[in-house]
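User: Please take a close look at one part of this model, the surface where the protein meets one of the DNA strands. I would like the contacts, the elements that supply them and the make-up of that surface.

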Number of protein chains: 2
Amino acid sequence: MVVEVDELNDETVDRLFHALADTTRRDILRRCVRGELSVSRLAEAYPMSFAAVQKHVAVLERAGLVAKQRSGREQLVRTDPDAVGRARQALDELESAWRGRVDRMACLLAEDPGSEENDTPEGTER
Amino acid sequence: MVVEVDELNDETVDRLFHALADTTRRDILRRCVRGELSVSRLAEAYPMSFAAVQKHVAVLERAGLVAKQRSGREQLVRTDPDAVGRARQALDELESAWRGRVDRMACLLAEDPGSEENDTPEGTER
DNA sequence: AACTTCTACAACCATTTGGTTGTACGTTAG
DNA sequence: CTAACGTACAACCAAATGGTTGTAGAAGTT
């Protein structure tokens, strides 16, 4: 059974970080872990229009950080817990580019024994 | 001796993630770990003007992801290795908001034994 | 059916972003 | 000194962002 981590492409990472680069959106993420809030309920929490919050949710949704689920006439917003993991993976892939190996995993345990300094970044151009 | 992790404020995190939300800028980060490239050398690598690259570097600099160091008439760009750590910390702080405790550290080891489900987010309202 | 609630989406506007070119200045090389 | 190089920065422009209001539809409520 291969783990198959699905290398994230540039556009995905762009959307991910862009979605995270806004205080309101990060706050929405924190609020919606339980998946109990509708967009309307959410919107009550912020000093802006419903439509504005709707747009923020859309940005989060396109980034895969959040999913909506219909429940009657409401649309419940739920934060995807794995999404933060994908953000971490993006950081890991960034870091791994200069930590020698390019293919090291998104896993937590760093396990950094020999501090393998690598002087040949080879295919790093363009 | 207290660890004192310096809770990152919203603006800092905004700048951090915004800086990371661009393919060119992430590529610059990967290239400048060795700190050997001037802005001019860097600019040669991209299909855009010198000034454009200069602006990207400025964005990275304001986010604390990169530092410039004069060397003669050149300005060498160097990626701050700790910066990715700060991004990780930001993710951790996000996640910790729904992992029960709000004050858990930026440390890697999750150490999640009892899956402490917490039903009272208390001070989570706006 | 009539009404209210929640959502979706279009149109609009101000500001920011990401790019351009042009100019000015400091530093090194001839 | 003069020329070339590397940088900084201003001015400008198109497109994207983050907000607004307004309209319309879908789903409950009475």
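Analyst: In this predicted model, an N or O atom in the side chain of B:Gln75 lies 2.5 Å from a phosphate oxygen of DNA strand D. B:Arg41 also reaches a phosphate oxygen of the strand, with a side-chain N or O atom at 2.6 Å. At B:Val39 the polar atom belongs to the backbone, and its distance to a phosphate oxygen of DNA strand D is 3.2 Å.

B:Gln75 is also one of the nearest residues in the wider set: 23 residues lie around DNA strand D, and those that come nearest are A:Ser49, A:Lys55, A:His56, B:Ser40 and B:Gln75. Both protein chains therefore appear in that short list. Sugar or phosphate accounts for 61% of the strand D atoms within 4 Å of the protein, and bases make up the rest.

As for secondary structure, chain B supplies at least two residues each from helix H3 (39-44), H4, strand S2 (66-71) and strand S3 (74-79), while H4 of chain A also supplies at least two. By class, the surface near DNA strand D comprises six nonpolar, eight polar and nine charged residues.

DNA strand C can be set beside this. It is surrounded by 23 residues, and the closest are A:Ser40, A:Gln75, B:Ser49, B:Lys55 and B:His56. Of the strand C atoms that come within 4 Å of the protein, 63% are sugar and phosphate. Here a side-chain N or O atom of A:Arg41 is 2.6 Å from a phosphate oxygen. A:Gln54 places a polar side-chain atom 3.3 Å from a base nitrogen of DNA strand C, and A:Arg73 has a polar side-chain atom 3.3 Å from a sugar or linking oxygen of that strand. Two or more residues come from each of helix H3 (39-44), helix H4 (50-62), strand S2 (66-71) and strand S3 (74-79) of chain A, and from helix H4 (50-62) of chain B. The surface near DNA strand C divides into six nonpolar, eight polar and nine charged residues.

The two protein chains also meet through their H5 helices. The axes of helix H5 (residues 81-96) of chain A and helix H5 (residues 81-96) of chain B come within 10 Å and cross at roughly 170°, so H5(A) and H5(B) are roughly antiparallel. Residues making this contact include A:Val84, A:Leu91, B:Val84 and B:Leu91. By class the contact has six nonpolar, no polar and six charged residues.

Terms used
Residues numbered from 1 in each chain as written. Chains lettered and ligands numbered in written order. Predicted model: local features only at pLDDT ≥ 70, side-chain atom pairs only at ≥ 80, totals over all residues. Heavy atoms only, no water. Polar contact = N/O pair within 3.5 Å; in protein donor to acceptor, adjacent residues only side chain to side chain. Helix = DSSP H or I, 4+ residues; strand = E, 2+ residues; numbered from the N terminus. Nonpolar A, V, L, I, M, F, W, Y, C, P; charged D, E, K, R; others polar. Axes fitted to C-alpha atoms, helices over the stretch in contact; angles between N-to-C directions. Parallel < 35°, antiparallel > 145°, perpendicular 65-115°, else oblique. Contact = heavy atoms within 4.5 Å.
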